[in-house]
Amino acid sequence: MAENQNVIETEQKPSLGARIGGGIKERLRKFVVNLKRRPMNVAFFVLIVSSLIYLFSLGKISQAGLGYPKEGVPISIFVNTLFSILVLLLFMYAFPKRAKKPKVVMLVLAFVFMAVMLGLDILLYVQWNKAWIADQVLSDAQLAPKRKFIFGAINGVLVHAIFLGLAALLTATYPLYGKLIKKINTRKVVESTQLTEALDTEQE
């Protein structure tokens, strides 16, 4: 009898692939459960990406500011660099972990910072494009030093503006897509008893 039970237990043991797949599925389920509790994390993730894009492009943006020191460009670069960090702190303070409602003052300030950065991105994009078009009368040898950084700077502020606008949109609409996320089934199947237990996302 003991040998038969050992054989049955060996046959019922899941394979390595099944265990890995089950582990991945469980992690995804927990991830969705966390999103059900805090759907604004989607917007926060996009906001983090936008800040990283700007900071990683800062070298080329700074060089473009030196090569094309037009009116308002230096202060725009400084303000965007500062605000790209501070806006993350404002977002975190606007949505405390244990608070059911956002802090309105911090949320409004976060939107103001996003709007300012978006406006400065547009200013930099327009100024540098005008300066680059005006420089087309120069020879290739004269344009070569500027060509190394100007395209990276222009693309950097453009991509930053796109992600920043997306982050603002997701922040404003998180109650809407939060309802859609809550409709995702996160019930956990207990195979030993073939029962399902509903996860109370509010108590977890």
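1. Aromatic cluster. In this predicted model, ring pairs join F44, F91, F95 and Y174 into a cluster. The count of aromatic pairs comes to four.

2. The stacked pair. F83 and F113 stack, with ring centres 4.0 Å apart and 15° between the planes. The two rings come from distant parts of the chain: F83 sits in helix α5 and F113 in helix α6, 30 residues apart. Both F83 and F113 are buried.

3. The edge-to-face pair. F95 and Y174 meet edge-to-face, at 5.3 Å centre to centre and 90° between the planes. This pair also links distant parts of the chain. F95 lies in the loop between α5 and α6, while Y174 lies in helix α8, 79 residues apart. F95 has a relative accessible area of 4%, so it is buried. Y174 is at 15% relative accessibility and therefore also counts as buried, because the cut-off is under 20%.

4. The largest core. The largest nonpolar core has 25 residues. Those touching the most other members are L47, V87, F91, F95, M114 and Y177. Two or more residues come from each of α3 (41-56), α5 (73-94), α6 (104-134), α7 (140-172) and α8 (174-182). Helix α5 gives the most, with seven residues. As background, nonpolar side chains in soluble globular proteins tend to be buried together.

5. M114 and its partners. Residues up to four places away in sequence are not counted here. On that basis M114 touches L47, V87, L164, A167, A168 and T171.

6. A separate core. Apart from the largest core lies another, of 15 residues. Among its members are Y54, I61, L124 and A153.

7. Helix α5. How far apart should the ends of α5 be? Its 22 residues, at 1.5 Å a residue, should span 32 Å. The end C-alpha atoms are 30 Å apart, so the model agrees with that expectation. The helix does bend, by about 30° at S84.

8. I150. This residue lies in helix α7. Is I150 buried or exposed? At 0% relative accessibility, I150 counts as buried. Leaving aside neighbours within four places in sequence, I150 contacts A64, Y68, W128 and W132. I150 and G67 are 83 residues apart in sequence, yet their C-alpha atoms are 8.5 Å apart in space.

Definitions and conventions:
Residues numbered from 1 in each chain as written. Predicted model: local features only at pLDDT ≥ 70, side-chain atom pairs only at ≥ 80, totals over all residues. Heavy atoms only, no water. Core = buried A, V, L, I, M, F, W, Y, C linked by side-chain atoms within 4.5 Å. Buried < 20%, exposed > 50% of the residue type's maximum accessible area, 1.4 Å probe, protein only. Helix = DSSP H or I, 4+ residues; strand = E, 2+ residues; numbered from the N terminus. Contact = heavy atoms within 4.5 Å. Expected span 1.5 Å × (residues − 1). Bend = angle between axes of the 7 residues up to and from the residue. Phe/Tyr/Trp six-rings, centres within 6.5 Å; stacked < 30°, edge-to-face > 60°.
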